[in-house]
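Take a look at the structure below. The report that follows walks through its sheets, its core, its helices and a few single residues.

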Amino acid sequence: MKFDTVIIGGGLAGLTCGIRCQQAGLRTCIVTTGQSALHFSSGSFDLLNALPGGEKVTNPADGVAALPDHHPYKNLADRFLSLADEAKQTLAQAGIATKGDARANTYRITPMGGLKSTWLTLAEFTTFPDHTGIIGKNILIVNFSGFLDFNTSFIAAEMEKRGASCRIESVNIPAIDRLRKNPTEMRATNIARALAVKETFNQFRDLLKVMSKGYDCVVLPAVFDLYAPEVVTALGREINVPVCLVQTMPPSVPGIRVQMMLRRRFESLGGVFMPGDTVTRADFDANKVNKVYTVNHGEIPLEASAFVLASGSFFSRGLTSTPDGISEPVVGADVVAAANRSDWYSADVFAPQRYMEFGVATDNEFHVVKDGKPVTNLYAIGSILSGFNPIELGCGAGVAMLTAIDVANKLTDNK
């Protein structure tokens, strides 16, 4: 099978790159093993929230200048804002409405009820311009009986610290109560599927309409928008009280919806999506990759002019670790990592962990380096890149999308 581009990995980076390549007329294939980190998404996309050492960033576009030279953003600093705008546009073209700007972080509500800075947030979520934001003085927090992944007590405690008065209520709806018979079924995604049935949703709406009278706002778990985010806006209008969604513990209903919509966009443009498959090895010709092999296709190779590693970090096995070291398992790329295992981590679990910065080596054009030399038609994007800690700096989604678009633009220029 022959393509212009083969992308290894179907998460945020891989899908973004694939969409941009298809838009440019490059016949593109994405090979992905299964779930991506989007299934753990907060409903927001971080660009740059902090600098190494902990200094908070309010304007990501300005903060890039203070990053160390090994951070991936340094390779695209002169086009940082334009790439961020392209990323937001790419989401919008897939039907994913967001709010936010690369010039000023906003604040979103966390699953624990606190506020955390971010770049883009799905339109159905509430955001604030600073860390003192409050959604109302008199707040009703509603959960489904038996749903443990939405911690109402923590949320109420945090909102009361910011001056609100909160009341917590639970509701019982037959279609959702049936999920409680098996604890593994009482998850956000299953509740979302139940609420997608009109009769079940209407039962919930009618209960909420009575309960919410006299409140400034109703806080609900983010389990309503697996298929249609506009349901939340309609719900607030029908009960005549503003609705504020708060993300639950994983799995993430909004994140799964983003994944589905990006995949749908990629395939609608003519892209070939191969889920449930794993690239096992690559064939090289001089300093180029000319084909890769997958588990499902055996000895039938995928050939292309260019290849993109978007296979993620340790979480998705884009990188693997053993007592002997850290490696990249598909093409044997050079890896930037500390040689001494004791330098991989800190004993303080709350401290930045150094292994989070490990990743494949690249040149400043994001060509993958193998045996000390850049591979001319192989690129790396997203969390497999070295030189940044996405948790410490709050930049994971930004690195994924901006490097994906930058590489897609390079491939377009070279076609």
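In this predicted model, three strands form an open sheet in the order β6-β5-β8, and the pairing is antiparallel. Strands β6 (115-118) and β8 (127-128) are the edge strands, since each pairs on one side only. Strand β5 covers residues 106-109, and 4 bridges link it to β6 in the antiparallel sense. One residue pair shows the match: I109 has L115 in β6 as its bridge partner. What holds such strands to each other? Strands of a sheet pair through backbone hydrogen bonds, either parallel or antiparallel.

There is also an open sheet of 3 strands in the order β3-β7-β4, again with antiparallel pairing. Here β3 (44-45) and β4 (98-99) stand at the edges. Each has a single partner strand, so one side of each is left without a neighbour in the sheet. Strand β7 spans residues 120-122, and 2 bridges join it to β4 in antiparallel fashion. Within that pairing, K99 has T121 in β7 as its bridge partner.

**Parallel strands**

Now turn to β2 and its partners. Strand β1 (residues 2-8) runs parallel to β2, and 4 bridges join them. In this pair, I8 stands opposite V31 in β2. Strand β13 (residues 272-274) also runs parallel to β2, joined by 3 bridges. There, I30 has F273 in β13 as its bridge partner. Helix α1 (residues 12-23) belongs to the picture too: β1, α1 and β2 make a right-handed β-α-β unit.

Which way do the residues of β2 (residues 28-31) point? T28 and I30 point one way, C29 and V31 the other way, and all are buried. This fits a general pattern: in a regular strand the side chains alternate between the two faces of the sheet.

**The nonpolar core**

How many residues does the largest nonpolar core have? It has 134 residues. Y73, F144, F204, F224 and L402 have the most contacts inside it. Helix α11 (residues 396-414) gives the largest share of this core, with 10 residues. In general, nonpolar side chains tend to be buried together in soluble globular proteins.

Y73 shows how such contacts reach across the chain. Leaving aside neighbours within four places in sequence, Y73 is in contact with L47, L48, V64, L67, F80, C395, G398, V399 and L402.

**Helices**

Two packed helices are described by the angle between their axes and the distance between the axes. Take α1 and helix α3 (residues 80-93). Their axes come within 11 Å and cross at roughly 80°. That makes α1 roughly perpendicular to α3. Where they meet, α1 brings T16, I19, R20 and Q23, while α3 brings E86, Q89, T90 and Q93.

Is helix α6 (residues 188-195) largely enclosed or largely open? Of its 8 residues, 7 are buried, so α6 is largely enclosed by the rest of the structure. The buried ones are A188, T189, N190, I191, A192, A194 and L195. Their cover includes β9 (138-144), α5 (174-177), α7 (198-211) and α9 (253-268).

**Three single residues**

The table sets out the exposure of three residues.

| Residue | Relative accessible area | Class |
|---|---|---|
| K2 | 62% | exposed |
| S321 | 43% | partly exposed |
| T90 | 0% | buried |

Why does T90 count as buried? Buried means under 20% relative accessible area, and T90 is at 0%, so T90 counts as buried. T90 is found in helix α3. Not counting residues up to four places away in sequence, T90 touches T16, I19, R20 and I405. Among these, T16, I19 and R20 are also part of the meeting between α1 and α3.

S321 is found in strand β17 (residues 320-322). Leaving aside neighbours within four places in sequence, S321 is in contact with F314, I326 and W344.

K2 has its place in strand β1. Leaving aside neighbours within four places in sequence, K2 is in contact with R27 and E303. K2 and N377 are 375 residues apart along the chain, and their C-alpha atoms are separated by 15 Å.

Conventions: Residues numbered from 1 in each chain as written. Predicted model: local features only at pLDDT ≥ 70, side-chain atom pairs only at ≥ 80, totals over all residues. Heavy atoms only, no water. Pairing = 2+ DSSP bridges. Helix = DSSP H or I, 4+ residues; strand = E, 2+ residues; numbered from the N terminus. Core = buried A, V, L, I, M, F, W, Y, C linked by side-chain atoms within 4.5 Å. Buried < 20%, exposed > 50% of the residue type's maximum accessible area, 1.4 Å probe, protein only. Contact = heavy atoms within 4.5 Å. Right-handed = clockwise from strand over helix to strand, strands pointing away. Axes fitted to C-alpha atoms, helices over the stretch in contact; angles between N-to-C directions. Parallel < 35°, antiparallel > 145°, perpendicular 65-115°, else oblique.
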